[in-house]
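User: I am new to this structure and should like to understand the terms used to describe it. Please show how each label follows from its definition.

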Amino acid sequence: MYKAVKGMNDVLPGAGEAFLESALWEHIEHVAARVLGQYGYRRAQVPIVEETQLFARGLGDATDIVSKEMYTFSDRGDRSLTLRPECTAGVVRAYVEHGYGHKAPVQRWWYMGPMFRAERPQKGRYRQFYQIGAEFFGVATPASDAETMIMLHRLCTELELGDVTIKINSLGDPESRVAYRAALLDYLRPKAKQLCESCQSRMETNPLRTLDCKRPECKSVMTLAPDVADSLSLAAITHFKEVEALLAGAGVPCVREPRLVRGLDYYTGVIFEFSTSALGAQDAILGGGRYDSLVEELGGPSTPAVGFAVGVERLALLLSARTKISSRPDLYLIPFPEVVAECMALAEDLRRTHGLRVEVDLAGGKLKTQMKRADQSGALHVMVLGADEIASNTGKIKDMRSGESLPVVLISDEIVCMITKA
Ligand code: HAM
């Protein structure tokens, strides 16, 4: 018996674990595509595998993701390749490679697909996980940050996610960041021994990451750490305040979280995370922010950008706890063997003219078995068709909730009328 690789999930119809129900994933993707499309985002699809160097360069050598979580391998030509741990680097690579920075720098792109990180699996954290993400290139204004978060707030509302906390912070421009890094290191060095082992080792290379360490010993050291706001340049402060004002004007509630940092090095200004108390330790539903230097660092012209990625498993976990979404046919048709072709033609007509979801039972067998399958399909209406029904052009539609059977003429409109009335 083969099993899926540890930390990697199968998303299936009728999955044992409610959050892995494929209908729920379809629903999430459908709502996200609609909301993102309403804001002018268009789909971008980039490969799952990229040159390792792209991630090392783009995300930062000292990040946890690059230093210990990447699935890296040599291909047959001895090139070092990596399964993407996130999608921003690949999307920026594509933006640069295809010359958008020069010919049409303002682009709003979105994507959905699997990412891979060799993390310790637990609820809400997997080794293959899916993101719905978006990147907005070519605009540096506070309005572009605000629009991104307003759109995400809309997405959460449309998905009916319930209580979501929006945390924002600013890491400032590169100068502010250098100043803050120095201030933080001055604070941390004398206290190094009080930090956990992992923070001690990453303190010099990536001191900002110590700010969001979940270990109690680090948390207590960090309560008095310098606030990044004290190192921000005037321009960075003005930008941040304007984003806050735009969000308030749009009725999007957010809280400034002075200790909010991100696990990737490319961020340059406003950063944000949406979280929920309903998910336990892995409480971040989505994260993102501004990254104004990455396009240039990866070989393109200087281009500002802002983006985010949502964790699909985390959305699915949240939603599966509150709603049951399953894909069900509108009508389940059971033909006797002699009228399979006629039944298929009727189903085809109902799909083509009325867009109905019609499943025809082609597995055959006893009527009892077929009715059981109809029930398992979740269909609300079932119709059994034999030679008599086809000859007289009439049949009986069974409403599976009431158990009642009502006669219909086998023309689409009458069937549709009964199904849609229910
Ligand atoms: P990230 O914060 O690393 O950002 O990931 C975004 C979201 O992906 C997280 O908030 C979480 O919901 C989900 N996620 C991350 N790791 C896992 C995991 N191991 N298992 C399940 N879900 C996970 C990025 O990836 C950036 N590329 C976002 C971005 C786009 N920034 C700018 N543009």
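Analyst: A polar side-chain atom of Glu119 lies 2.7 Å from a nitrogen atom of the ligand. The model is predicted, so that local features need pLDDT of at least 70 and side-chain atom pairs count only at pLDDT 80 or more, while totals for chains, interfaces and linings use all residues. Residues are numbered from 1 along each chain as its sequence is written, and side-chain values use heavy atoms, with hydrogens and water left out.

User: What makes the pair of Glu119 and the ligand a polar contact?

Analyst: A polar contact is a pair of N or O atoms within 3.5 Å; within protein, one must be able to donate a hydrogen and the other to accept it, and residues adjacent in sequence count only if both atoms are side-chain atoms. The value for Glu119 is 2.7 Å, and therefore the pair qualifies under the limit of 3.5 Å. An oxygen atom of the ligand also lies 3.1 Å from an N or O atom in the side chain of Gln131, and an oxygen atom of the ligand is 3.3 Å from a polar backbone atom of Gly311.

User: How much of the ligand does the protein bury?

Analyst: The protein buries 95% of the 670 Å² that the ligand exposes when taken alone. These areas come from the Shrake-Rupley method with a 1.4 Å probe.

User: Which residues are the closest to the ligand, and what makes a residue count as near?

Analyst: A residue is near a molecule if one of its heavy atoms lies within 4 Å of it. The ligand is surrounded by 26 residues, the closest being Glu86, Glu119, Glu135, Arg262 and Tyr267. The largest share of this shell, 5 residues, comes from β10; strands are DSSP runs of E with at least two residues, and helices runs of H or I with at least four, numbered from the N terminus.

User: Why are the buried residues of α14 said to be on the same side?

Analyst: The buried residues (under 20% relative accessible area, 1.4 Å probe, protein chains only) of α14, residues 367-377, are Gln370, Ala374 and Ser377. They cover an arc of only 60° around the axis, which puts them on the same side of α14; the arc is that of the directions from the helix axis to the C-beta atoms. The face turned away from that side carries Lys368, Lys372, Asp375 and Gln376, which are exposed (over 50%).

User: Why is Gly280 called partly exposed?

Analyst: Partly exposed lies between the buried and exposed limits. Gly280 has a relative accessible area of 49%, and therefore takes that label. Gly280 is placed in the loop between β9 (270-275) and β10.
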